[in-house]
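Open the model in your viewer and keep the selection tool at hand. We will go stop by stop.

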Amino acid sequence: LEVYGEEIPERSGWEAIEWSRIQGAEHLAVREHAGLFNLANFTKMEVTGPGATRFLNYLAANNIDRPEGHIVYTALLNEAGNIKADLTITRLDENRYWVLTGVGSGPQDLAWIRRHAPAEGVMIRDVSSEFTAVGLWGPKALQWLWKTVRGALLATGCLSVLFVLVELTLSVIIREATPLEREYFLSQVTDHLVRSEEHTSE
């Protein structure tokens, strides 16, 4: 509020229900810089198998058959073409995907996906209790992440960050790394930062 107070209106009465000027300040700060959001309670599903791509493409409105490392925000459709859910699907490997959906609808979405899965070629596993999730969003998200993990990556090589930059959104999965993964991550982040600096200077 000290920075954005003059840009955020005061509200009273019914307009102030479930409203806080602090929310407005946080919104503006994320749009100008970046913000960290706790997504730990989101439902996380792992879909694997030789039929995973075809199966998810059957359920989703958008094309899921994208290169490894891409995240697709999509709706899932029922037989009538109506929207059943909206969520993100991340391709981790050729036949391995992560499906991330909200905590409230998670159990229902998981049951619905399992109900429509083929008898063979697709495995669906609830990995919600095995991983956490955070969202680092904003135009400076990548720079903040780089400052945070660079030392650990270079000093110990114990972390690998699989990231996808979708406009201003950075989604991160942290796990054990291989040397090739560390090298790839470092080269990709460095290249993106260089391009970002060149764009800023224009």
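**Stop 1: T43**

This is a predicted model. Select T43 and show what surrounds it. Leaving aside residues up to four places away in sequence, T43 touches V99, L100, T101, G102, V103, G106, P107, D126 and S128. T43 belongs to strand β2, which covers residues 43-48. Is T43 buried or exposed? Its relative accessible area is 8%. The cut-off for buried is under 20%, so T43 counts as buried.

**Stop 2: the sheet**

Now colour the strands. Look for an open sheet of 5 strands. Its order is β3-β4-β5-β2-β6, and the pairing is antiparallel. Which strands stand at the edges? They are β3 and β6, and β6 spans 123-126. Each has a single partner strand, so one side of each is left without a neighbour in the sheet. Look at the twist too: neighbouring strands are turned by 30 degrees against each other on average, direction ignored.

Zoom in on β2 and β6. They pair in the antiparallel sense over 4 bridges. Select T48: its bridge partner in β6 is M123.

**Stop 3: I71**

Move to strand β3, residues 71-77, and pick I71. I71 has a relative accessible area of 18%. That value is under the 20% cut-off, so I71 is buried. Next, select R91 as well. I71 and R91 are 20 residues apart along the chain. How many Å separate their C-alpha atoms? The distance is 6.6 Å.

**Stop 4: helix α3**

Select residues 106-116. This is helix α3, and it packs on the sheet. The helix touches β2, β3, β4 (83-93), β5 (96-101) and β6. The direction of α3 makes about 165 degrees with that of β6.

Show the side chains of α3. The buried residues here are G106, D109, L110, W112 and I113. Turn the view to look down the helix axis. Where do these buried residues fall? They sit within an arc of 165 degrees, so they line one face of the helix. On the other side of α3, P107 and R115 are exposed. Now find what covers the buried residues: the cover includes β2, α2 (52-59), β3, β4, β5 and β6.

**Stop 5: aromatic pairs**

Display the aromatic rings. How many aromatic pairs does a search of the whole structure find? The count is 2.

Start with F37 and W137. This pair is tilted, with 4.8 Å centre to centre and 35 degrees between the planes. F37 lies in strand β1 (residues 35-38) and W137 in strand β7 (residues 134-137). The pair therefore ties together parts that are 100 residues apart in sequence. Check the accessibility of each ring's residue. F37 is partly exposed at 34% relative accessibility. W137 is partly exposed too, with a relative accessible area of 28%.

Then go to W98 and F131. Their ring centres are 4.7 Å apart and their planes stand at 70 degrees, so the pair is edge-to-face. W98 lies in strand β5, while F131 is in the loop between β6 and β7. This pair therefore ties together parts that are 33 residues apart in sequence. W98 is buried, with a relative accessible area of 11%. F131 is partly exposed, with a relative accessible area of 29%.

Terms used:
Residues numbered from 1 in each chain as written. Predicted model: local features only at pLDDT ≥ 70, side-chain atom pairs only at ≥ 80, totals over all residues. Heavy atoms only, no water. Helix = DSSP H or I, 4+ residues; strand = E, 2+ residues; numbered from the N terminus. Buried < 20%, exposed > 50% of the residue type's maximum accessible area, 1.4 Å probe, protein only. Contact = heavy atoms within 4.5 Å. Pairing = 2+ DSSP bridges. Axes fitted to C-alpha atoms, helices over the stretch in contact; angles between N-to-C directions. Phe/Tyr/Trp six-rings, centres within 6.5 Å; stacked < 30°, edge-to-face > 60°. Arc of directions from axis to C-beta.
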